[in-house]
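Here are some exercises to try with the sequence and the model side by side. Take your time with each task before you read its solution.

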Amino acid sequence: MSLWEYANPKKFMQTSSWALPWVAGLSVLALAGGLIWGFFFTPDDYKQGSTVKIIYLHVPSAMMAINAWVMMLVASLIWLVRRHHVSALAAKAAGPIGLTFTAIALVTGMLWGQPMWGTWWAWDPRLTSFLILGLFYLGYMALWQAVEDPDTAADLTSVLCMVGSVFALLSRYAVNFWNQGLHQGASLSMDKEENVSDVYWFPLLVCISGFVLLFVALVLMRTRTEIRARRLSALLARERLA
Amino acid sequence: MIALLIRDLRLAFRAGGGFGLGLAFFLLVAVLVPLGVGPDSSVLAKIAPGILWVGALLACLLSLDRIFALDFEDGSLDLLATSPIPLEGVVAIKALAHWLVTGLPLTLAAPVLAVLLNLPAPGYLWLVASLAAGTPALSVIGAFGAALTVGIKRGGLLLSLLVLPLYVPTLIFGAEVVKRGALGMEVGVPLLLLSGITAGAVALLPFAAAAAIRVNLR
């Protein structure tokens, strides 16, 4: 049993068809549990009041926005090296999901920033780099749309994804240069003294796992759709020939 | 390779080649901005570094789709791909030609336009230095974008959508150099980072661009 057998679309469809309900169900459970726990059973922050609860949407979606790009990068590399179509389709499927997570992170951040920092938008390094990440997602999806031949599109978007990763990282560190951050430093790392307090930490963990599962479920679902669309177009092409 | 460079330069300079288009665009930006924000010289002095860099960047963007599109249409790109020069070399030469036709004139014209925008005196040297260090990166990144979109009909808009996010780090560091230079501050760090981006892009992106062209010619 190796990971590579899922490169076979049939095998992938079989396994994902029973895995999908489990992953989706678990993600609903984790999200519902985490959000309800977070929203109703945690105390208000002494400085931020109840707005602190946006953290349960903001932090996980921001994490997944970055992780979705990393997943696209890995899937693109697998496509370039081993030419497994499922991998390319999974990367394609992850694009809009990542963009949505980026948008959620930005919007919840704005809603949080307005009462706390007194502004909807500031050119804070993290805000700026997320906006740029969103632009990268847009470009990636637009390139998929624009190229007609699916293999060519997969190749070109993979190259774009690799180059884009480097430049997204560069942009992330370039905006640090302005030196006017509103965000606090890292507060979720494992080895630091100043983390968020445990009251917020545990429901946040549940929410993060819920978002991870949600991402996996959505990617599986969209990849299945892509595979079916590919099969359909193959059938149509065969019919036209016959 | 030199023959290819000379050919590209000739094509660019002759009628319809688009030489001067970017320059004229740059001039227009520098004229339009004061018309838009008003002639207050202290405001202009403050925004001049950013405007000049954004103007240079957009002027570069204008002529990007010419790098490969015409050669792709008439088939000379196929010939170049099968020629003894490696495709990476072809890309590098074409990016160099693009830089000679747009980046270099922009760099030379920038101090003149900076007068219009009332850039403080110490900024001039750093404006030229930052554009000289940064515009090669713009050309190479643009060549990569052009290589990605060469097979797409009317890919110009897509090209800008792909390339502009890639321009972000170059723009930030480039404008930072001029801003600090104009205020008489230390410029070493952003200038070094800018040169680093250029060096990295020149070294690596031709390979990515050549890979994209090979895919598009398949």
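**Exercise 1.** Is B:Asn118 buried, partly exposed or exposed?

*Solution.* Keep in mind that this is a predicted model. Start by counting neighbours: B:Asn118 has 17 other C-beta atoms within 10 Å. Next, recall the cut-offs: buried needs 20 or more, and exposed needs 12 or fewer. The count of 17 falls in between, so B:Asn118 is partly exposed.

**Exercise 2.** Find where B:Asn118 sits in chain B, and look at its phi.

*Solution.* First, the place: B:Asn118 belongs to the loop between helix 6 (87-116) and helix 7 of chain B. Then the angle: phi of B:Asn118 is near 60°, which is positive although the residue is not glycine. Most residues other than glycine have a negative phi.

**Exercise 3.** Now do the same for A:Arg83: where is this residue, what is its phi, and how exposed is it?

*Solution.* Begin with the location, the loop that joins helix 2 (55-82) and helix 3 (85-117) of chain A. Phi of A:Arg83 is near 55°, again a positive value in a residue other than glycine. Finally, A:Arg83 has 13 other C-beta atoms within 10 Å, so this residue is partly exposed.

**Exercise 4.** Which helix of chain B gives the most residues to the side that touches chain A?

*Solution.* The contact involves 23 residues of chain B and 21 residues of chain A. On the chain B side, helix 7 (123-149), helix 8 (156-182) and helix 9 (188-217) each give two or more residues. Helix 8 of chain B gives the most, with 10 residues. Sorted by class, this side of chain B has 18 nonpolar, three polar and two charged residues.

How values were computed. Residues are numbered from 1 along each chain as its sequence is written. Chains are lettered from A and ligands numbered from 1 in the order in which they are written. This is a predicted model: local features need pLDDT of at least 70, side-chain atom pairs count only at pLDDT 80 or more; totals for chains, interfaces and linings use all residues. Two residues are in contact if their C-beta atoms, placed from the backbone, lie within 7 Å. Helices (H or I, at least four residues) and strands (E, at least two) are DSSP runs, numbered from the N terminus. Ala, Val, Leu, Ile, Met, Phe, Trp, Tyr, Cys and Pro count as nonpolar, Asp, Glu, Lys and Arg as charged, and the others, Gly among them, as polar.
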